[in-house]
Amino acid sequence: MLKRAGVIAAKDLRLSVSGGQGLIQSVLLGLLLIFLFSLAYPEGQGVPPQAAAAVFWLASAFGLVLVFNGLFSLEEAEGARLGLLSSPVPRHSVWLGKAVAGFILLLVSQLVFFPAMIVFLGQNLRGPLWLLPAAWAAADLGLVVVGALLGALAQGQAARESLLSVIVFPLLVPALLAGITLFAVVLSGAGGEDVQSWLGLLGAFDALYAGAALLLFPFVYGGEE
């Protein structure tokens with residue numbers, strides 16, 4: 001299953017990068033959000049670290065929707081999804097491959113968002129540096145697990161793609177709240193006493209939705225139009 005998931009992920013990444021599906025839109029939208037938010041504060045007035053962290057994760061959430069809409073639309077144009085479903089590839093491999101590809105594309109977008117946040121919003125890293133990759137990876141994992149599951153619901157129709165953004169944001173609230181809080185600790189250096197609790201919340205979120213995705217994805221992705 002892992003080998004087949006790797007093939008699907010490599011295929012999706014190759015097509016996404018060559019066609020710019022989801023990735024370019026995600027980067028541009030995130031940069032626009034960060035730049036516009038920087039204009040809301042007068043020159044010389046610092047942006048609160050929690051507000052800067054909130055903008056970063058808001059840009060990531062919108063980018064997540066664009067990335068997974070693009071990934072699941074790759075098989076729709078020529079009806080390739082039916083061929084994928086009729087092949088001997090386990091449907092869980094499709095979910096895992098989409099999740100891996102989405103994780104990489106989202107991370108690439110965020111690697112543009114983060115320095116933009118530091119520069120445009122005037123932030124510094126004052127907290128524990130080990131917390132940055134830990135919180136980043138745990139929050140991203142939760143985002144892509146949910147995105148890879150619900151992205152299958154948006155396949156084939158523009159109305160469903162719009163519905164994805166309505167469904168996915170309420171489900172992402174715990175992961176986004178934890179990501180914002182932990183990033184605020186990294187940026188400000190304050191409030192580190194609850195770090196373990198927030199990391200535990202992210203771990204529980206990731207495990208819960210990973211289990212739900214493994215159970216539900218074969219039925220969601222193989223459903224009739």
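# Helix packing in a predicted all-helix model

User: In which helix is L132 found?
Analyst: The model is predicted. In it, L132 is found in helix α6.

User: Is L132 buried or exposed?
Analyst: The relative accessible area of L132 is 12%. Buried means under 20%. L132 is therefore buried.

User: Which residues does L132 touch, not counting residues up to four places away in sequence?
Analyst: L132 and V186 lie 54 residues apart along the chain, with their C-alpha atoms separated by 6.4 Å. V186 is one of the residues L132 touches. The full list is F114, F183 and V186.

User: With which residues is F183 in contact, leaving aside its neighbours within four places in sequence?
Analyst: L132 touches F183, and the F183 list includes L132 in turn. W57 is also among the contacts of F183. The complete set is A53, F56, W57, F114, L132, A135 and W136.

User: Which residues have the most contacts inside the largest nonpolar core?
Analyst: The largest nonpolar core holds 68 residues. Those with the most contacts inside it are W57 and F183.

User: Which helix gives the most to this core, and how many residues does it give?
Analyst: Each of these helices supplies at least two core residues: α1 (2-19), α2 (23-38), α3 (49-73), α4 (80-86), α5 (91-120), α6 (131-150), α7 (158-188) and α8 (195-221). The top contributor is α3, with 14 residues.

User: How many helices and strands does the protein chain have?
Analyst: From the N terminus on, the elements run α-α-α-α-α-α-α-α. The count is 8 helices and 0 strands.

User: What share of contacts between residues at least 6 apart in sequence joins residues at least 24 apart?
Analyst: P49 and I180 give a long-range pair to look at: they are 131 residues apart in sequence and 9.2 Å apart in space, C-alpha to C-alpha. Contact, though, means heavy atoms within 4.5 Å. For the protein chain, the share of such contacts joining residues at least 24 apart is 86%.

User: How are α2 and α5 oriented to each other?
Analyst: The axes of α2 and α5 come within 9 Å and cross at roughly 20 degrees. Angles under 35 degrees count as roughly parallel. So α2 and α5 are roughly parallel.

User: What classes of residue make the contact of α2 with α5?
Analyst: On the α2 side are L23, S26, V27, G30, L31, I34, F35 and S38. They meet L105, V108, S109, V112, F113, A116, M117 and F120 of α5. By class, the contact has 12 nonpolar, 4 polar and no charged residues.

User: Is S26 buried or exposed?
Analyst: S26 is found in helix α2. Not counting residues up to four places away in sequence, S26 touches G63, L66, V67, S109 and F113. Its relative accessibility is 0%, so S26 counts as buried.

User: How are α3 and α6 oriented to each other?
Analyst: α3 and α6 pack at an angle of about 40 degrees, with their axes 10 Å apart. The cut-off for roughly parallel is under 35 degrees. So α3 and α6 are oblique.

User: How many charged residues are in the contact of α3 with α6?
Analyst: α3 brings F56, W57, S60, L64, F68 and F72. α6 brings W136, A139, D140, L143, V144, G147 and A148. The contact has 10 nonpolar and 2 polar residues, and the charged count is 1.

User: What is the hand of the crossing where α3 passes α6?
Analyst: The angle between α3 and α6 is about 40 degrees. The crossing of α3 past α6 is right-handed.

User: With which residues is S93 in contact, leaving aside its neighbours within four places in sequence?
Analyst: S93 has its place in helix α5. S93 counts as buried, at 0% relative accessibility. Its contacts are M1, R4, A5 and I8.

User: Which residues does P49 touch, not counting residues up to four places away in sequence?
Analyst: P49 has its place in helix α3. P49 is partly exposed, with a relative accessible area of 23%. The residues P49 touches are Q123, A184, L187 and S188.

User: What percentage of the protein chain counts as buried?
Analyst: L132 is buried at 12% relative accessible area, while P49 is partly exposed at 23%. Of the 225 residues of the protein chain, the buried share is 45%.

Note on methods
Residues numbered from 1 in each chain as written. Predicted model: local features only at pLDDT ≥ 70, side-chain atom pairs only at ≥ 80, totals over all residues. Heavy atoms only, no water. Core = buried A, V, L, I, M, F, W, Y, C linked by side-chain atoms within 4.5 Å. Buried < 20%, exposed > 50% of the residue type's maximum accessible area, 1.4 Å probe, protein only. Helix = DSSP H or I, 4+ residues; strand = E, 2+ residues; numbered from the N terminus. Axes fitted to C-alpha atoms, helices over the stretch in contact; angles between N-to-C directions. Parallel < 35°, antiparallel > 145°, perpendicular 65-115°, else oblique. Nonpolar A, V, L, I, M, F, W, Y, C, P; charged D, E, K, R; others polar. Left-handed = near helix turned anticlockwise from the far one by under 90°.
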